[in-house]
Structures are given as structure tokens and as C-alpha cells.
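I opened this notebook page to keep track of what I look up in the structure, one topic per entry.

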Amino acid sequence: MWIADNWKEYQVLDASGGEKLERWGDYILVRPDPQVIWNTPHDHSGWKKKNGHYHRSAKGGGEWEFFNLPDEWSISYLLKGALPESETAASHAETDGLDTGRSLTFRLKPFSFKHTGLFPEQAVNWEWFSDIICKAKRPKDRPVRVLNLFAYTGGATLAAAAAGAGVVHVDASRGMVGWAKENAAASGLGNAPIRWLVDDCVKFAEREIRRGNQYDGIIMDPPSYGRGPKGEIWKMEENIWAFIELVTQLLSKDALFFLINSYTTGLQPAVLSYMMNQAIVKRFGGHVAADEIGLPVEESGLVLPCGASGRWQR
Ligand SMILES: C[S@@+](CC[C@H](N)C(=O)[O-])C[C@H]1O[C@@H](n2cnc3c(N)ncnc32)[C@H](O)[C@@H]1O
């Protein structure tokens with residue numbers, strides 16, 4: 001399993017009875033998690049100190065209950081595989097010490113469907129591709145070109161930009177794209193080479209193929225079910241194979257990586273691996289790895305599974 005264990009300002013404190021207890025900076029939240037089918041005693045003191053609790057309702061959805069939680073707050077993540085603020089890809093190549101890193105800042109607010117605006121487990125993927133981007137040592141005038149699809153509040157976009165890439169960020173929701181821009185500004189990446197697009201990912205990919213545009217890195221984190229700006233339906237199981245085949249046509253001849261993340265229960269890592277081997281390795285060589293991703297749990301010392309990722313790299 002790939003474990004996101006580099007967070008300082010986020011922690012899963014405990015998990016039991018269908019819920020996880022999390023520290024988000026100075027605040028503690030309790031949120032439902034379908035993976036948590038065990039029922040261990042609530043010994044962690046955090047269960048009694050919660051600032052917010054999302055109660056799932058039997059009819060689906062649910063509602064938040066708040067105990068002195070601000071409407072919004074922020075946490076930061078130190079991305080190891082990134083260029084320090086003062087450096088360019090070329091100058092960093094000389095230092096070759098990837099231990100300085102760069103701080104990414106995320107605005108948080110509890111909103112519908114238990115979301116907070118960030119998926120902390122994705123940090124393990126951010127480290128993987130930002131390391132590849134940095135090690136490509138591309139000159140500033142020919143940066144690695146990255147396409148981030150279903151890009152939400154921009155965690156992956158910021159990580160790629162912080163590593164020196166030019167990024168195209170695509171999401172169907174104008175609100176999410178606005179939120180991602182704010183995260184970029186808060187991370188000192190307000191002037192980074194990022195194109196922010198509100199669009200349906202399938203339509204966008206089809207247009208990019210017609211335009212002949214290509215990318216060295218592609219990232220996608222499709223929801224199980226989603227809608228485009230004009231109501232275009234996305235269903236993971238039904239659409240993902242054709243979409244991988246479509247988007248593979250956008251990979252440049254110097255392509256470096258391709259990342260697919262999935263929260264769709266039942267979509268095993270081996271399925272992601274099979275599809276990526278068929279669609280990408282057959283054309284570009286390279287190799288695929290796929291595995292679950294997870295977050296360490298303080299109370300038990302175990303790891304909470306949080307979906308699966310497939311990674312292709314040259
Ligand atoms: C689960 S979130 C992605 C999480 C994100 N990759 C992250 O780790 O931060 C799914 C996103 O897909 C977007 N979305 C859903 N259907 C879409 C579509 N057809 N085209 C573009 N974006 C879509 C939603 O607006 C939402 O922001």
C-alpha cells in the first residue's frame with residue numbers, strides 16, 4: 001500500500017463504528033467512512049473534543065453538527081518532491097537535494113456530502129509525480145506539461161506546478177475551479193503557469209485531440225458518478241476504459257507519467273493496472289504499478305485504506 005505519511009497538519013486519530021476521527025490543523029472532525037466496518041472502543045480523547053461531526057442520514061446524504069468550528073480555515077503540506085520557492089528546475093538540478101520542498105496551503109470548509117475540500121491521502125501521489133517532474137530537469141522555457149482532469153480544489157495541480165510543470169486544470173464545477181485558484185494564491189503559486197478550465201473532461205479531451213495538443217503527464221481522479229457543466233453524465237465503471245483509451249492519445253512522445261485514482265468501491269488496483277497496460281504500455285512501453293493508498297491511524301498504528309491508484313511511468 002502507498003501511505004500518505006508525510007502530513008504534519010492532518011492526522012487520522014482513530015477509526016471505528018463507520019466513522020473516522022481526524023485532526024485538520026487545530027480542529028477535530030468526525031466523518032463517516034464506509035471502509036470502517038470494525039467497532040473498536042472510542043478510547044482516543046479526540047472523540048470527546050470534536051469541533052464538527054457529519055451525521056450520515058438513512059436517506060443518504062446527511063448533515064453537519066458544529067462545536068465552535070470556524071466557517072473556514074487552512075492547513076499546509078510540505079511537498080518534498082518540489083522546488084523550493086526560490087529555485088527553478090534548472091538551478092534546483094544543481095542542488096539535487098530534494099529535501100527542502102515547498103509548502104502547499106489548502107483552504108478548508110465543511111460542505112455537502114461530508115467533504116472539506118481536500119483528500120489528504122492524495123499527498124502520496126503528489127510526491128510520486130512531483131519527484132518525476134523534478135528529475136526530468138526540463139529548462140524553464142520547456143517545462144513538463146501536465147493535464148489534471150476532475151481536478152477539484154487543485155491538490156495535484158499545485159503539486160505539479162510546485163515541481164516546475166505547466167498545468168492544465170479541468171473541472172466541471174466553476175466553484176471548485178475558483179477554490180483551486182484560491183489554494184494556488186495561498187501557496188504562492190498565483191502566477192504559476194496554470195490554465196484553469198471549467199469543462200466536461202470527456203469533451204475537453206476530444207477537443208485537445210482535434211487540436212493536436214499533447215502532455216508529458218496526465219492525472220485523473222474521476223468520481224464514481226459525476227456531471228459535466230451541461231449535465232454530461234460520468235459513470236466510472238461504464239466510462240473509464242473508453243476514457244483511458246481516449247486520453248492516452250494526448251500523451252506526448254516524451255511522456256513521463258500517467259496517474260489514475262479511484263474511490264470507486266470494487267474497482268481493484270489490478271483492474272486499473274490491466275487497463276493501463278493495455279492502453280498505455282502497449283504504445284509507450286514503460287511500466288505500471290497499482291495499489292491501494294492509505295492514511296496512518298494514530299490510535300491503532302494501522303493504515304486506513306482510501307481508494308486505489310494506478311501509476312504508469314516511462
Ligand atoms: C472526487 S473529486 C476529485 C478529487 C480530486 N482529484 C482531488 O484529489 O483533489 C471529483 C471532481 O470531478 C468533477 N467532475 C465530475 N464530473 C465531471 C465531468 N464530467 N467533467 C469534469 N469534472 C467533473 C467534480 O466537480 C469534482 O470536483
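How do the residues of the lining of the largest cavity divide into nonpolar, polar and charged? I looked this up in what is a predicted model, and I found eleven nonpolar residues, eight polar ones and one charged one in that lining.

Entry on the cavities. I searched the whole structure and noted two cavities of 30 Å³ or more, and for the largest cavity I wrote down a space of about 190 Å³. I counted 20 residues that line the largest cavity, and I recorded Gln 122, Trp 126, Gly 155, Ala 156 and Asp 221 as the closest to its centre. I then asked which elements supply the lining, and I found that helix H2 (123-135), helix H3 (155-162), strand S12 (217-220) and strand S15 (257-262) each give at least two residues. The largest share comes from H2, for which I noted three residues. As a reminder to myself on the approach, rolling a probe the size of a water molecule over the atoms shows where empty space is left.

Entry on the ligand. I listed 16 residues that surround the ligand, and I marked Asp 171, Ala 172, Asp 200, Cys 201 and Asp 221 as the closest. Sorting this shell by class, I obtained seven nonpolar, four polar and five charged residues. I next looked up individual atom pairs, and for Asp 171 I found a polar side-chain atom that lies 2.6 Å from an oxygen atom of the ligand. With the backbone I noted two pairs to ligand nitrogen: a polar backbone atom of Cys 201 is 3.0 Å from a nitrogen atom of the ligand, and a polar backbone atom of Phe 150 is 3.2 Å from a nitrogen atom of the ligand. I also looked up how much of the ligand is covered, and I recorded that the ligand taken alone exposes 610 Å², of which the protein buries 88%.

Entry on the sheet. I traced an open sheet of eight strands with mixed pairing, and I wrote its order as S1-S16-S17-S15-S12-S9-S10-S11. Strand S1 (2-3) and strand S11 (194-198) are the edge strands, each of which I found to pair on one side only. I followed S12 further, since strand S12 had already come up among the elements of the cavity lining, and I found that it pairs with strand S9 (residues 145-149) in the parallel sense over four bridges. Within this pair I noted that Leu 149 stands opposite Met 220 in S12.

Terms used:
Residues are numbered from 1 along each chain as its sequence is written. This is a predicted model: local features need pLDDT of at least 70, side-chain atom pairs count only at pLDDT 80 or more; totals for chains, interfaces and linings use all residues. Side-chain values use heavy atoms; hydrogens and water are left out. A residue is near a molecule or strand if one of its heavy atoms lies within 4 Å of it. A polar contact is a pair of N or O atoms within 3.5 Å; within protein, one must be able to donate a hydrogen and the other to accept it, and residues adjacent in sequence count only if both atoms are side-chain atoms. Accessible areas come from the Shrake-Rupley method with a 1.4 Å probe; for residues, only the protein chains shown count as cover. Ala, Val, Leu, Ile, Met, Phe, Trp, Tyr, Cys and Pro count as nonpolar, Asp, Glu, Lys and Arg as charged, and the others, Gly among them, as polar. On a 1 Å grid over the protein atoms alone, a cavity is a set of points where a 1.4 Å probe fits but cannot get out, and a pocket is an open set with protein on both sides within 12 Å along at least five of seven lines; lining residues have an atom within 4 Å of a point. Grid points are joined across faces, edges and corners, and a volume is the space filled by probe spheres set on the points. Two strands pair if DSSP finds at least two bridges between them.
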